[in-house]
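Me: Please examine the model below and answer some questions on its packing and on one of its helices.

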Amino acid sequence: MGTADRIAAAALTILLAEGAQAVTMRRVAAAAGVTTMASYRHFPSREALLRTVVDAAVAEVTATWGRRQPDGTFEQRVDGLANDFLDFALGQPNLYTFVITERRDGVRQFPADFQAGDSPTFSPMLQAVTEAIRDGLLREGDPLEVTLALTTPVLGLLQLYHGGRIALSEVDFRALCKRTTERVLDGLRT
């Protein structure tokens, strides 16, 4: 493993275990067994290091999204994508928090980046919703906004869950998310 890879791996380990605030160039360098200056030779800033590490981690996490029920019904596809997202959010909460909720430069923004398909977490659901509207399963509407309406309740529930405001087991929390998504879908169906 080259120096840049060791630095990136150390940064990811710290991020996953403790969150982005714990990722400092000095700490990452020590964990990678290099000097702080060596870290700066490979990554010009903490932000560049985090961007590189997070982009690679998200690409890995989302590479298989939508494969649970690729040929299933719309509801099965939505359920599979929701489970993919919950696996990510609950399995890697520090990465999820950094990617979804922390304010930083260069993040994907609604609506342009989402419409362009640049969000690996949003795009699979957008595709499913677009097809469902086209096929008459969902009422007519802007697919981008319909997808946002379908996905944001779970984002809100995750904020409450990660913040300790929802006192449910993970199994019960997932069931709550599923029921919430179904309620939203009930309002969107034709």
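Me: Which element gives the most to the largest nonpolar core?
Reply: This is a predicted model, in which local features need pLDDT of at least 70 and side-chain atom pairs count only at pLDDT 80 or more, while totals for chains, interfaces and linings use all residues. Residues are numbered from 1 along each chain as its sequence is written, and side-chain values use heavy atoms, without hydrogens and water. The largest nonpolar core (buried Ala, Val, Leu, Ile, Met, Phe, Trp, Tyr and Cys residues joined through side-chain atoms within 4.5 Å; buried is under 20% relative accessible area with a 1.4 Å probe, protein chains only) has 53 residues, with Leu49 and Leu158 among those having the most contacts inside it. Eight of its residues come from one element, H5.

Me: Which residues does Leu49 touch?
Reply: Contact means heavy atoms within 4.5 Å. Leaving aside residues up to four places away in sequence, Leu49 touches Ile7, Ala8, Ala11, Met25, Val28 and Phe43.

Me: Where in H9 does the kink lie?
Reply: Helix H9 (a DSSP run of H or I, at least four residues, numbered from the N terminus) covers residues 143-162. The bend is the angle between axes fitted to the seven residues ending at a position and the seven starting there. In H9 a kink of about 30 degrees comes shortly before Pro153, at Thr151.

Me: Which residue caps the N-terminal end of H9?
Reply: The backbone nitrogen of Leu144 lies 3.0 Å from a side-chain oxygen. That oxygen belongs to the capping residue, Asp142.

Notes
Helices (H or I, at least four residues) and strands (E, at least two) are DSSP runs, numbered from the N terminus. The expected span of a helix is 1.5 Å times one less than its number of residues. A polar contact is a pair of N or O atoms within 3.5 Å; within protein, one must be able to donate a hydrogen and the other to accept it, and residues adjacent in sequence count only if both atoms are side-chain atoms. Buried means under 20% relative accessible area, exposed over 50%, partly exposed in between (1.4 Å probe, protein chains only).
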